[in-house]
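Biologist: I would love a close look at the sheets in this protein, along with the helices packed around them. Could you walk me through how the strands are ordered and paired, and what lies against them?

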Amino acid sequence: MFKMTGRIIHWTGQYKKRMYLGFLWSFIQSIFIAMPIMGAALFLDFMIKDSRGKVQITRKYAWFALGFMIVAILGRFLFSYLKAIYQESIAYEKTSEQRIDIGDILKRVSLGFFDENDTGKLIGAVTTDLSFFEMYAMSMTNNVVGAYIHIAAMILCMAFFCPQIALVAFIAEACSTFFLYKLSARSEKNSVPHQDANDDLIRAVLEFVRGLAVVKTYGQEGASTKGIVDAFKNHRKINLKIEQEYTWVNAMHQISCKMGSAAIVLVSAIMTIHGTMELSIFLMMAIFSFVIFSQQELVQNSAHTLQVIKASMDKLEKIEQAKFIDEDGKEKKLDSYDIVFDHVYFGYEEQSVLENINVTIPEGTTTAIVGPSGSGKTTLCRLLARFYDVKKGKITIGGTDISTMKCDKLLENISMVFQNVYLFHDTIRNNICFGKPDATEEEMIEAAKKACCHDFIMSLKDGYDTVIGEGGGTLSGGEKQRVSIARAILKDAPIVILDEATASVDPENEHLIQTAISELTKGKTLITIAHRLATVEHADQILVVEDKTIKEKGTHEELIEKNGTYKKFIDIRRRAEGWKM
């Protein structure tokens, strides 16, 4: 528990000074909390002595008592306010920075990082975990540290009047701390299963929501809920188990505090009876006994929450320690755009995907990549864009090894249009200008016209300021594709990669998209993954990927004459495209 509070304080980084000042204000606040108790005892002593004729209370004493109480109350609230001002906002400021940092990290890691790490855990880390952190990190740290600051201040005040009673309070505090330590140890053991149950719950909910269309189509509503119901049950089971394990430790912690309060009153009463303590001091100690452990009793709730925060921090640190794919890259400028795959090998973990790939793609030419599903066509393009790093060999553009470049600098030279287009939940304007945020209105509209999407955009109620749904869900497939091509045209990169950009659109949209692609690829180095004959036949070079390597390469005419894999592929495509009802 104490280790975890120290870790949170270290996490605050540049805000650490504010944390320490907050603790100082907390200590002074506790002194002001103790002042009315000590003041009441002091004035009570005066009243007793006045009743016995030993002193005479004048109006001056009454005004002084009133002023003392007002100062004590105002001081308490002032330093409570200062503590809140200095500490409460730290978590919000720090987590805001951390979300941005994690976003930057996830942009720079290999896509293999997402294959190795569960999506539910990643989403949970940047949403649920950071939100939990935001809400509880400071309050839980302040609960723990503040409780011990409060007790320390109270014990110091008690020690000024009676060291023996202060020792009793210290012993009770030590017993309470022992059981809090045991509670913290149990919380640490249970925090990982608790976190895993939360992640499973998030993953099950995501899968349920994403799969609703398929579930409804096949009428499997009952089967689809099994995963989410199991996740809910598991989450409930683990939380109940954790609560049951905490019960006896919680009880012992509470007993230590209550017994400590009772012991303070008992020892004070015995000392008063034996004449070694004034009645007024006894009353002061009795009041102290009610407030000294008030904050300590709440620490038990913080102990478990801190361990949940620990599991969240471990997960976040794992993301933050992820290796950047371009960690050693340089800001290099490319002067030419000849692409060379030189003895390239690649695989996902233990599975080999590409072996000994040797290809040259001259600048300004069109290269078509064909081959059976799963042969590695898309992987070739992803390696060129450096979404992954090759296992062996190298890829060069204009003679520069791309593994020596910063990814942002490399991708300035590449535009990609995918079969499955993703548009952001934003305006069409911002989606088109995503690759060139400083584009003028005229440049954006010109790109949209070239991509054959200006007319349909203007027919929308808000034109270019129309906000589209997540993933572009409010547009048709062809409309999304043309917006993505407009985005690529505006970027105006010298290398264009098309990953089956017309594979799943209707004939009317295909004509518009082909027109848009023609505008996009003028004078560019084009790499296209395609199955349609019209796209493949006119390529300067065709690569046939099969069995993890380049089986054939050449022009359409050259490969037809070889009567190999490509010829079989063409025959199959002609039969498919010529099929009629």
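Modeller: Happy to; here is a tour of the two sheets, followed by the helix pairs and a few backbone details.

Please keep in mind that this is a predicted model. For orientation, the protein chain has 21 helices and ten strands. Of its 581 residues, 46% are buried. Among contacts with a separation of 6 or more, 79% are between residues 24 or more positions apart.

Let us take the six-stranded sheet to begin with. This is an open sheet, and its strands come in the order β6-β7-β8-β3-β9-β10, with mixed pairing. Its edges are formed by β6 (414-417) and β10 (549-554), each of which pairs on one side only. On average, and ignoring direction, neighbouring strands here are turned by 20° against each other.

Inside that order, have a look at β9. Strand β3 (residues 366-370) and strand β9 (residues 541-546) run parallel and are joined by four bridges. Within this pairing, I369 stands opposite L543 in β9. With β10, by contrast, β9 pairs in the antiparallel sense, over five bridges. L543 takes part in this pairing too, where it stands opposite K553 in β10. If you follow L543 across the sheet, then, you meet I369 in one pairing and K553 in the other. β9 and β10 also form a hairpin, with two residues between them. In that turn sits D547, which has a positive phi of about 55°.

While your eye is on these strands, recall a general point: side chains in a regular strand alternate between the two faces of the sheet.

Now for the other sheet. It is also open, with four strands in the order β2-β1-β4-β5 and antiparallel pairing. β2 (351-361) and β5 (400-401) are its edge strands, and each has a single partner strand, so one side of each is left without a neighbour in the sheet. For β5, the partner is strand β4 (residues 392-397), which runs antiparallel to β5 and is joined to it by two bridges. One residue pair to pick out there is I397, whose bridge partner in β5 is T400.

What lies against these sheets? Helix α12 (residues 377-384) is worth your attention, as it features in both descriptions. On the four-stranded sheet, α12 lies across β1 (339-348), β2 and β4, and it runs at about 115° to β1. On the six-stranded sheet, α12 touches β3, β6, β7, β8 (525-529), β9 and β10. The direction of α12 makes about 145° with that of β8. So that you can place it in the view, look for α12 with β1, β2 and β4, and then with the strands of the six-stranded sheet.

From here, let us turn to helices packing on helices. Two packed helices are described by the angle between their axes and the distance between the axes. Helix α2 (residues 16-51) and helix α10 (residues 279-291) pack at about 160°, with 8 Å between their axes. That angle makes α2 roughly antiparallel to α10. Their crossing is right-handed. From α2, the contact involves A34, I37, M38, A41, L44, D45 and I48, while α10 contributes L279, S280, L283, M284, I287, F288 and V291. By class, twelve of the residues in this contact are nonpolar, one is polar and one is charged.

The other helix pair is α15 (441-450) with α17 (477-491). Their axes are 8 Å apart, and the packing angle is about 125°. α15 and α17 are therefore oblique to each other, and they cross in the right-handed sense. Here E443, M444, A447, A448 and K450 in α15 meet A486, I489 and L490 in α17. Six residues of this contact are nonpolar, none is polar and two are charged.

Finally, two loops next to these helices are worth a glance. C452 is in the loop between α15 and α16 (454-458), and its phi is near 60°, a positive value in a residue other than glycine. C452 is partly exposed, with a relative accessible area of 22%. D492 lies in the loop between α17 and β7 (495-499). Its phi, near 55°, is likewise positive in a residue other than glycine. Following the loop of D492 from α17 to β7 brings you back to the six-stranded sheet, where β7 comes between β6 and β8 in the strand order.

Terms used
Residues are numbered from 1 along each chain as its sequence is written. This is a predicted model: local features need pLDDT of at least 70, side-chain atom pairs count only at pLDDT 80 or more; totals for chains, interfaces and linings use all residues. Side-chain values use heavy atoms; hydrogens and water are left out. Two strands pair if DSSP finds at least two bridges between them. Contact means heavy atoms within 4.5 Å. Axes are lines fitted to C-alpha atoms, for helices over the stretch in contact, and angles run from 0 to 180 degrees between N-to-C directions. Buried means under 20% relative accessible area, exposed over 50%, partly exposed in between (1.4 Å probe, protein chains only). Angles under 35 degrees count as roughly parallel, over 145 as roughly antiparallel, 65 to 115 as roughly perpendicular and the rest as oblique. A crossing is left-handed if the near helix is turned anticlockwise from the far one by less than a right angle, and right-handed if clockwise. Ala, Val, Leu, Ile, Met, Phe, Trp, Tyr, Cys and Pro count as nonpolar, Asp, Glu, Lys and Arg as charged, and the others, Gly among them, as polar.
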